[in-house]
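Here are a few exercises to work through with the model open in your viewer. Try each task before you read its solution.

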Amino acid sequence: MKILKKIGIVLLILLVVAQFFGPEKNEGDLTSVNAFIAETNPPKDVQEILKNTCFDCHSSNTRYPWYSNITPVNFWLADHVKDGKKHLDFSNWNSYNLKRKEHKIDELHEEVAKGEMPLNSYTWTHADARLTPEQVEAVVAWGKKVQADYKQQLSVE
């Protein structure tokens, strides 16, 4: 019994010490998405949806919840954001070529339509990110329009 108590104390000490170390946070400026917004021109309702459901993981600015300061949750969140930005980063929209932009918008509206985005793990803690059928429809319609515009531009090139 004494060995379990010692192991528990050591684990508790390690957990407390771990709280002083954490990953770098993704705390840029939300204006970093301005180029994306200007180019794709989402209606105000879609802009708000993107802000509440996409930009935390897919831009250089994440709104962190209170529990993001707790290790190991902070490492999990950092990995989640890093992975999200690897797939789509609205803050780097200008670095994408036209074909890639068309493809990313295609993926965006398809993932939203299928209910794959936003992720369930995100909507559990961000109630405002749960999309209604009307919101899904608005994002999909906007995404298809933007994609069609990019396809038209590609056909001219």
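## Helices, salt bridges and rings

**Exercise 1. Locate the pair aspartate 83 and lysine 86: which helix holds them, and how are their side chains linked?**

Keep in mind that this is a predicted model.

- Step 1: Both aspartate 83 and lysine 86 sit in helix α5, which covers residues 73–87.
- Step 2: They are 3 residues apart, about one turn of the helix.
- Step 3: Check the contact: the closest N and O atoms are 3.3 Å apart, and the two residues form a salt bridge. The cut-off for that label is 4 Å.
- Step 4: Now the accessibility. Lysine 86 has a relative accessible area of 57%, so it falls in the exposed class, whereas aspartate 83, at 35%, is partly exposed.

**Exercise 2. Look at helices α6 and α8: which residues form a salt bridge in each?**

- Step 1: Helix α6 spans residues 98–114 and contains lysine 114 and glutamate 111, 3 residues apart. Their side chains meet in a salt bridge at 3.7 Å, N to O.
- Step 2: Lysine 114 is exposed at 56% relative accessibility, while glutamate 111 is partly exposed at 27%.
- Step 3: In helix α8 (residues 133–156), lysine 145 and aspartate 149 are 4 residues apart, so about one helical turn separates them. Their closest N and O atoms are 3.1 Å apart, and they too form a salt bridge.
- Step 4: Lysine 145 is exposed at 52%, and aspartate 149 is partly exposed at 31%.
- Step 5: For the full tally, a search of the whole structure gives 5 salt bridges.

**Exercise 3. Work out the overall build of the chain: how many helices and strands does it have, and is it spread out or compact?**

- Step 1: Count the elements: 8 helices and 0 strands.
- Step 2: Compare the radius of gyration with the globule rule. The chain has 20 Å, well over the 15 Å that the rule gives for 157 residues, so it is more spread out than a compact globule.
- Step 3: Along the principal axes, the C-alpha atoms fill a box of roughly 75 × 30 × 20 Å.
- Step 4: Buried residues come to 36% of the 157.
- Step 5: Take the contacts with a separation of 6 or more: residues 24 or more positions apart account for 77% of them.

**Exercise 4. Classify the ring pair of phenylalanine 55 and phenylalanine 90: what are the centre distance and the plane angle?**

- Step 1: Begin with the total, which is 7 aromatic pairs.
- Step 2: For phenylalanine 55 and phenylalanine 90, the centres are 5.3 Å apart and the planes lie at 75°, so this pair is edge-to-face. The angle cut-off for that class is over 60 degrees.
- Step 3: Place them in the fold. Phenylalanine 55 belongs to helix α4 (residues 55–58) and phenylalanine 90 to the loop between α5 and α6, so the pair ties together parts 35 residues apart in sequence.
- Step 4: Both phenylalanine 55 and phenylalanine 90 are buried.
- Step 5: Widen the view: ring pairs link Phe36, Phe55, Phe90, Trp93, Tyr96, Trp142 and Tyr150 into a cluster.

**Exercise 5. Inspect the nonpolar surface patch: which residues make it?**

- Step 1: Ile3, Leu4, Ile7 and Leu11 make the patch, which measures about 420 Å².
- Step 2: Isoleucine 7 lies in helix α1, residues 2–18, and is partly exposed at 45% relative accessible area.
- Step 3: For context, the chain exposes about 10,100 Å², with carbon and sulfur atoms supplying 60%.

Terms used
Residues numbered from 1 in each chain as written. Predicted model: local features only at pLDDT ≥ 70, side-chain atom pairs only at ≥ 80, totals over all residues. Heavy atoms only, no water. Patch = residues over 30% accessible without salt bridge, like charges linked within 9 Å, V, L, I, M, F, W, Y side chains within 5 Å. Areas by Shrake-Rupley, 256 points an atom, 1.4 Å probe, with all protein chains shown as cover. Helix = DSSP H or I, 4+ residues; strand = E, 2+ residues; numbered from the N terminus. Buried < 20%, exposed > 50% of the residue type's maximum accessible area, 1.4 Å probe, protein only. Rg over C-alpha atoms; globule rule 2.2 N^0.38 Å. Contact = heavy atoms within 4.5 Å. Phe/Tyr/Trp six-rings, centres within 6.5 Å; stacked < 30°, edge-to-face > 60°.
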